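Hi everyone, thanks for making room for me today. I'd like to walk you through one chain, so have a look at the screen.

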Amino acid sequence: MDLHAPLKKHFGYDAFRPLQEEIVRDSLAGRDVFALMPTGGGKSLCFQLPALLREGLTIVVSPLIALMKDQVDSMQASGIAATFLNSTLDAGEAKARWRGLHRGEYRMLYVAPERLMLEGFLDKALNWNIAQIAIDEAHCISEWGHDFRPEYRELKKLRTHLPDVPTMALTATATERVREDILKQLQLREPRCYVASFDRPNLTYRVVPKASPYDQLLSFVKARPHESGIVYCASRKITESLAAKLNEDGVPARAYHAGLENDQRARNQEMFLRDDVRVITATIAFGMGINKPNVRFVVHHDLPKNIESYYQETGRAGRDGLPSECVLLFSAADVVKQTRFIEEKSEPEARIAREQLRQMVHFAEARECRRTTLLRYFAEERPDEPCGGCDNCLTPRETFDGTIAAQKFLSCIARIQQKSGFGFGLNHIVEVLTGANTEAVRQRGHDQLSTYGIGGEMKREAWQAVGRELLRLGLVEAAPGKFATLSLNEKGLAALRERTSITLTKPTDVARKTKSRAGEIEADEKLFDALRATRRRLADERNVPAYVIFSDVALREMARTYPTSPTDFRRIPGVGEQKLKDFAEPFLATIAEYLELNARQTFGAPAAAAEGTTRRAALNDSERETLRHFERGESIEEIARSRGFVPSTICMHLALAIESGAPLSRDRFFTADQQAEIAVAFARTGGRNLVGLRDALGGKYGIDELRIFRAFAQRGEG
């Protein structure tokens with residue numbers, strides 16, 4: 001069956017994203033499917049397209065009632081018969097939809113798990129010719145997941161009620177343990193499992209020392225005046241406080257947390273989805289299934305509890321594939337707060353939570369590529385080279401000889417403890433160092449210490465950064481408990497006595513814009529703004545969010561290619577037949593009006609899409625040396641021994657050489673049977689996730705071998 005024609009007709013795309021076509025074909029063949037694809041990777045299309053191509057109803061289980069309307073609006077804007085049933089409908093509307101379901105008027109039904117599993121619901125549903133069940137956010141069924149929901153456990157009964165209906169389980173975040181639990185709980189039968197890469201190339205990751213968090217946040221948001229984003233906070237109180245302050249400073253913002261009345265919470269979310277406010281300050285209660293594709297930044301005001309939560313929350317940025325930023329404000333005090341909460345848990349829970357926190361802190365403090373650290377958590381490898389999309393790769397922090405500053409700080413801790421008999425927090429120590437004339441300092445006699453005012457040459461924020469780094473280096477300890485008091489440990493005392501040389505790193509600027517990322521689409525910015533205004537007007541007329549009309553990707557392509565006829569407009573990504581009919585005229589009119597007063601600009605080809613790969617144009621000296629040895633007929637093991645490298649490094653060099661166009665033959669690496677076997681698995685899983693590819697092949701091939709196979713495939717040989 002040709003799937004590309006209906007893909008273009010209904011969704012406006014000429015090509016599938018990685019794994020989509022394979023999943024759609026398995027779905028149409030009636031197989032159970034498990035799909036793990038990153039946020040923005042196109043999970044929804046995997047069940048939406050099959051729903052259009054066969055008779056019967058697809059039931060989509062979705063955990064958040066508030067988002068169902070937007071998902072259905074998006075389907076209807078593309079000419080697809082979809083509906084939802086939830087508690088927001090009045091009795092008359094609910095009855096009308098029930099009648100439509102009984103008459104077979106819909107191809108898709110969105111419903112929450114608790115409603116689907118209500119007594120009597122499935123009995124009625126047996127009359128609907130159900131063709132497939134799609135379970136979104138499937139990780140919610142696992143107690144090992146970061147977002148377990150008890151109501152999802154009931155879904156395991158679906159196999160009993162609907163034994164012959166194929167099931168598709170989809171998620172963006174799941175460790176290997178969670179994946180196994182999903183398959184077991186849902187009783188999937190011989191499922192085809194697809195695991196895409198966890199990498200989001202269009203996202204840039206940064207960790208910034210938390211100094212004056214509100215000022216840092218405000219400068220960041222004001223440096224991006226036309227962009228919207230999410231600020232995740234640890235408590236309801238902080239979300240309210242930040243939203244109020246941002247509004248006072250001219251940044252439209254709303255808070256979102258579980259303590260708000262349902263109507264208010266829904267209103268705030270709706271305002272954000274419709275671009276009426278630029279910023280939503282939220283607890284972790286916000287975000288699952290958020291369908292807003294143009295979230296340009298996610299800021300973590302406080303430290304997440306674990307990497308899975310961090311990954312999923314940052315994943316709400318840049319769903320449209322355009323460059324987006326993820327910033328984490330990090331402080332040792334946040335670690336202490338989290339530790340205090342953990343101490344209130346039972347010991348088994350506390351043990352898991354401590355390990356999760358340790359991994360999160362490791363990510364925040366890592367000096368290696370953050371993308372590598374993040375992907376490694378999900379058992380995915382990437383080449384040992386700069387990613388071009390994190391602070392550690394883009395702008396490695398400058399270092400300086402911080403011995404004198406460290407000596408002053410350590411000495412001040414020692415003098416305060418000697419004077420008072422106990423420790424004090426970071427801010428108090430900084431006040432003593434900078435000679436602050438505060439009541440707290442005078443009351444305790446700390447203005448009489450020899451270290452009082454000896455740090456006047458540096459600003460308060462700089463001393464706070466020094467304190468945090470000494471904590472990271474293990475020279476200072478933060479005591480658990482209500483107040484994160486600092487004290488010297490043995491290592492810190494030794495450094496103080498022996499005047500050990502200490503290298504420190506300079507703090508970074510949170511407001512600084514990052515360089516362009518994968519997915520960048522250069523365009524006429526003035527026309528883009530005009531097209532956004534048209535989109536907003538059309539969205540308001542239809543009472544839907546702007547992205548239901550067109551994504552930013554589509555608008556930027558219009559502002560790059562200046563379509564002036566329906567034929568040109570049809571080529572824009574996301575323009576299917578229904579949207580061509582409904583929206584070509586107003587957008588073409590906007591472009592024509594713009595061109596009457598403005599000249600066309602010329603742009604090069606758009607940067608690689610999010611799922612694209614970066615090819616190396618040239619090899620370095622070491623890689624060329626490996627290639628010369630290999631071309632002389634030496635084996636990988638022989639080259640490794642003679643050059644003093646491990647074999648995996650030699651394999652990496654050869655893979656880069658193949659990608660760069662070196663005339664190497666696959667036959668030197670694989671037999672014909674091996675090539676055929678790997679190619680079949682490669683076609684199913686894609687090549688981004690080598691660990692997933694290895695697992696699909698039953699572990700018969702190593703990561704190094706598969707990396708070389710992928711290199712040949714990327715240059716069009718496989």
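I'll start with the whole chain, then go to an annotated domain, one helix and a few loop residues.

First thing to keep in mind: this is a predicted model. The chain folds into 34 helices and 17 strands. How does its radius of gyration fit with a compact globule? For 718 residues you'd expect a value near 27 Å, and the chain comes out at 28 Å, so the two agree. If you box up the C-alpha atoms along the principal axes, you get roughly 85 × 75 × 65 Å.

Now, what's inside and what's outside? Of the 718 residues, 54% count as buried. The exposed area is about 31300 Å², with 49% of it coming from carbon and sulfur atoms. As for contacts, take the pairs at least 6 apart in sequence: 73% of those join residues at least 24 apart. On charge, there are 102 positives and 98 negatives, and their mean positions sit 2 Å from each other.

Next, the annotation. UniProt, in an unreviewed entry, puts an HRDC domain at residues 521-601. In the model, that span is 72% helix and 0% strand, and its end C-alpha atoms are 14 Å apart.

Okay, let's zoom in on helix α17, residues 370-377. How many of its eight residues are buried? Six of them, so to speak, the helix is mostly covered. Those six are Arg370, Arg371, Thr372, Thr373, Leu374 and Leu375. Yes, two arginines are on that list. And what do the buried residues pack against? Their partners are β8 (203-209), α14 (307-314), α16 (347-365) and α18 (391-394).

Just after α17 comes Ala379, which has a positive phi, near 60 degrees.

That brings me to a couple of other positive phi values. Asn129 isn't a glycine, yet its phi is positive, at about 55 degrees. You'll find Asn129 in the loop that links α7 (121-125) to β5 (130-135). Then there's Arg499, again a residue other than glycine, with phi near 50 degrees. Arg499 belongs to the loop between α23 (490-498) and β17 (503-505).

Last one: is Arg499 buried or exposed? Its relative accessibility is 60%, and the cut-off for exposed is over 50%, so Arg499 counts as exposed. Compare that with Arg370 and Arg371 back in α17, which are both buried.

That's my tour, happy to go back to any part of it.

Notes
Residues numbered from 1 in each chain as written. Predicted model: local features only at pLDDT ≥ 70, side-chain atom pairs only at ≥ 80, totals over all residues. Heavy atoms only, no water. Helix = DSSP H or I, 4+ residues; strand = E, 2+ residues; numbered from the N terminus. Rg over C-alpha atoms; globule rule 2.2 N^0.38 Å. Buried < 20%, exposed > 50% of the residue type's maximum accessible area, 1.4 Å probe, protein only. Contact = heavy atoms within 4.5 Å. Areas by Shrake-Rupley, 256 points an atom, 1.4 Å probe, with all protein chains shown as cover. Lys, Arg positive; Asp, Glu negative; His and termini not counted. Charge placed at Lys NZ, Arg CZ, Asp CG, Glu CD. UniProt positions renumbered as here; feature names shortened; annotations may be inferred.
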